[in-house]
Amino acid sequence: MQWHKNRFYDLVFDAAKHSLRFPVVLPKVPRPMYEAFKEFVAGRQSEEVVAHRRIDPSKVRISCSLKNGNISLLFIAKDRDYEYATQKLINLMHEVFLVFLQDGLYYEYMIETFNLDRDQI
Amino acid sequence: MSIKPSRRNFLRPVAAGAAAAAFLPQAKLSAAPPILSITIPKDLPTSLGENPKVGTFEGRGMTGAEIFAKLCKDEDLAALFCCPGNYTVINAIAAAGVPAYGGRSEGSMCAAADGFSRVTGEVTACSGTEGPGFTNMIMNIAAANAARTPLLVLASNMELAGDDREKFIQTGYQQPTTTGMKKYGKRMIDASRVWEYGAYAFRNLKTGIPGPVHLDFPTEVARTRFTDSAKLTDYYTKDKYRTESRAQPTRKEVEQAMDMINKAERPIIVAGQGVFQRKAWDQLKVAAEKNEIAVVTSGPTSGHFPDDHRLSASLAHDALMSADLVVFIGQYAMPGRTEYHFSPDAKTIRVHPVAEDIGRNWPIELGIVGDEKGFLDILASEIPRKKRDAWVAELAASKAKTEKRDLDHYELGLKHSAATNRIHPAVMAKEVHDLLYKGDIDPKQTVTGVGGWTTGIFTGRWLRANRPGQSVACVYQYGAIGPDMAMMIGASAAVQRGIGPQAPYKGAPTLVVTSDAGIAYSMFELDTAAKYKIPIIAVVYNNNSWGMFPAANGSPRSLHMYLFQENLRYDKMAEGLGARGEYVQTPEELRAALKRSYQIAAKENISTLINVQALKEFTDGSKFAPGIALPVEPGAGAFAH
């Protein structure tokens with residue numbers, strides 16, 4: 001699908017593993033940024049998040065990884081409630097771009113990584 | 001001898017020589033000839049005091065320009081901003097009694113007309129001469145178009161008899177030049193149709209989605225005299241050439257909308273500029289309060305729902321993503337779904353005056369063609385009362401989170417300021433905020449505007465709009481750098497006259513925050529402000545560069561193109577234009593300068609430019625956290641939609 005920053009994203013569903021995965025959420029990510037990303041994602045399952053936004057840890061196990069600079073994001077639907085998992089995953093991806101990347105630290109990252117004109121960010 | 005140069009000194013004739021001498025080496029004092037003081041010409045108040053005189057068909061009759069001016073007066077054209085040129089038309093409009101202002105460049109006057117309209121919702125006009133004056137307005141016509149401002153763009157355009165001959169000077173085809181940046185345009189070629197095309201103009205300005213209308217006047221149209229109205233086509237009054245009728249939603253559509261609102265747990269209204277322009281803020285407030293619907297405003301002007309209201313989401317950034325129903329009302333510049341901070345799951349209702357735009361950019365569950373005020377009238381009276389305690393609590397918690405983030409950034413900025421002896425933009429923004437909303441000044445009083453890149457991003461989030469027409473996003477949508485000062489002088493003229501929502505604050509000072517890059521475009525309009533005694537405080541963030549200087553990263557031979565001389569003194573330039581100047585380098589100096597400037601503006605109608613000395617590197621997050629954090633849209637500081 002074509003989505004944030006006019007880029008295409010692959011979403012892989014594996015019925016056998018009950019998983020949904022974005023193989024590349026963000027490319028060319030340096031290690032400190034990845035650490036912040038992990039913290040952000042973990043925060044979405046925290047009790048501090050309002051209930052209707054929280055990703056229920058009893059329903060979904062989230063893991064992310066950094067390989068060759070690419071962050072991937074994996075959701076395991078523990079109870080096979082794929083509708084719930086998909087909805088939460090899409091919302092999380094949306095928040096990665098509209099909340100996580102909005103932090104002033106990643107402005108230059110967005111310009112360089114997504115090949116953006118500074119007037120078009 | 002120690003006399004600091006200031007506008008007061010310049011304006012006081014007896015002190016003129018001494019004030020000027022303060023710029024000179026001491027040794028030359030005795031030999032220096034007196035330098036003339038800056039004065040407002042005595043002809044100016046006399047001219048402003050002249051009684052209006054609308055032309056008649058009696059005697060010598062009326063020129064085409066006077067007939068057009070009569071129509072403008074009948075239509076309550078709120079103000080004209082111009083530079084000389086298009087003489088017949090601007091003289092006629094001024095004579096007819098439309099408040100008129102003359103400034104230093106047509107582009108700035110166009111921005112001023114836009115600013116006057118942005119804080120009142122009224123139709124305003126700008127004018128320039130033939131080709132050069134007209135083309136000088138282009139950037140700001142485009143900005144007005146993006147902001148959907150009901151702006152009447154006027155320009156003379158040589159004579160029809162000289163078409164294609166390049167006779168003398170200034171020949172240019174105007175109408176093709178404004179293609180894509182106007183709602184309607186016409187080069188008038190028949191004097192007998194001047195009233196008819198004036199009616200065309202106001203039909204477009206006052207109905208449907210607003211936008212600029214561009215009329216150009218060849219001399220044959222402006223100067224031809226008429227002694228008999230029967231010689232004019234379609235010469236009848238406004239109640240016959242246009243209608244005040246608006247498309248109204250059906251009861252069934254409103255019931256559908258109310259049903260969706262009632263079923264939603266966390267509904268939010270995005271109150272666009274259509275709500276402001278239709279002056280529907282009272283109905284909006286009643287509807288929101290009855291059903292505890294959150295509200296966030298959007299558009300070039302803020303305040304049609306107060307930021308300090310418990311249901312306001314303008315600072316509740318995190319809560320936006322929780323909304324399960326978004327109701328757009330009068331959102332004229334429509335964002336895409338990846339631009340506004342709403343969940344992909346949120347359902348959408350869009351209420352819009354015309355059908356053609358509904359569904360563009362943003363898929364809808366329910367589209368309603370209808371006037372904003374008409375829809376809100378019904379919603380306010382029909383929507384049932386409902387309590388949404390959890391949603392209201394979430395809004396409050398989210399607002400507190402945003403405020404804490406901004407305070408954290410301010411604390412970082414304070415450290416950076418102390419370490420560099422320059423003022424960080426977060427500190428500048430907070431000091432302006434504290435002056436306007438935390439001290440003795442009524443938090444609803446001061447109209448503010450903000451422009452520039454770094455300036456806009458840091459300051460926008462600290463400015464508040466607690467009543468209609470209180471805050472202007474000068475760069476809204478089009479992103480023009482530079483019109484800020486001129487736009488806010490236009491807004492100030494509206495406050496000075498107490499037009500529309502500005503009536504309770506008539507005569508209050510206004511404040512604009514802009515950049516060193518931006519001020520260069522319209523700084524000379526400080527002369528215009530001084531001339532008309534319009535009190536404005538211009539806070540100029542001086543970081544010695546274009547905000548986009550990091551675009552030269554990796555291109556070392558380009559960097560010079562992004563830089564200015566360092567430590568330029570915009571305060572001194574302001575003094576030379578008849579305003580006050582203040583130079584500040586620390587937060588304490590800024591605080592004192594702001595207070596002093598506001599008091600002088602309020603008591604003496606004297607404008608001040610405060611030069612806030614900064615560093616361009618403050619936007620580099622790796623050295624000076626937080627760096628550039630883009631504003632959350634919609635909400636306080638938003639400027640794209």
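Are Tyr340(B) and Phe342(B) buried or exposed? In this predicted model, both residues are buried, and they make a good starting point for a walk through the aromatic contacts and helix packing of the structure.

Across all chains, the count of aromatic pairs comes to 26. One of these joins Phe328(B) and Tyr340(B), whose ring centres lie 6.2 Å apart with 25 degrees between the planes. Since planes under 30 degrees apart count as stacked, this pair belongs to the stacked class. Phe328(B) is part of strand E12 (residues 325–329) of chain B, while Tyr340(B) sits in the loop between E12 and strand E13 (347–352) of chain B, so the contact ties together parts that are 12 residues apart in sequence. Neither partner is left open to solvent: Phe328(B) has a relative accessibility of 0% and therefore counts as buried, and Tyr340(B), with a relative accessible area of 0%, is buried too. Tyr340(B) also pairs with Phe342(B); here the ring centres are 6.1 Å apart and the planes stand at 75 degrees, so this pair is edge-to-face. Tyr340(B) thus takes part in a stacked pair with Phe328(B) and in an edge-to-face pair with Phe342(B).

Chain A has an aromatic grouping to look at as well. Trp3(A), Tyr9(A), Phe97(A), Tyr109(A) and Phe114(A) together form one aromatic cluster.

Turning to the helices of chain B, H4 (residues 64–74) packs with H5 (residues 87–95) at an angle of about 40 degrees, and their axes are 8 Å apart. Because of that angle, H4(B) is oblique to H5(B). The crossing of these two helices is right-handed. On the H4(B) side, the contact involves Ala65(B), Glu66(B), Phe68(B), Ala69(B) and Cys72(B), and H5(B) contributes Thr88(B), Val89(B), Ala92(B) and Ile93(B).

Helices H17 (residues 389–420) and H18 (residues 425–437) of chain B pack at about 120 degrees, with axes 7 Å apart, and are therefore oblique to each other. Their crossing is left-handed. Residues Leu407(B), His409(B), Tyr410(B), Gly413(B), Leu414(B) and Ser417(B) of H17(B) meet Ala426(B), Val427(B), Lys430(B) and Glu431(B) of H18(B). Within this contact, Tyr410(B) and Lys430(B) face one another across the two helices, and the charged end of Lys430(B) sits over the Tyr410(B) ring, 4.5 Å from its centre. Another lysine in chain B, Lys616(B), lies over the face of Phe549(B), at 5.4 Å from the ring centre.

Technical notes. Residues numbered from 1 in each chain as written. Chains lettered and ligands numbered in written order. Predicted model: local features only at pLDDT ≥ 70, side-chain atom pairs only at ≥ 80, totals over all residues. Heavy atoms only, no water. Phe/Tyr/Trp six-rings, centres within 6.5 Å; stacked < 30°, edge-to-face > 60°. Helix = DSSP H or I, 4+ residues; strand = E, 2+ residues; numbered from the N terminus. Buried < 20%, exposed > 50% of the residue type's maximum accessible area, 1.4 Å probe, protein only. Lys NZ or Arg CZ within 6 Å of the ring centre and 35° of its normal. Axes fitted to C-alpha atoms, helices over the stretch in contact; angles between N-to-C directions. Parallel < 35°, antiparallel > 145°, perpendicular 65-115°, else oblique. Left-handed = near helix turned anticlockwise from the far one by under 90°. Contact = heavy atoms within 4.5 Å.
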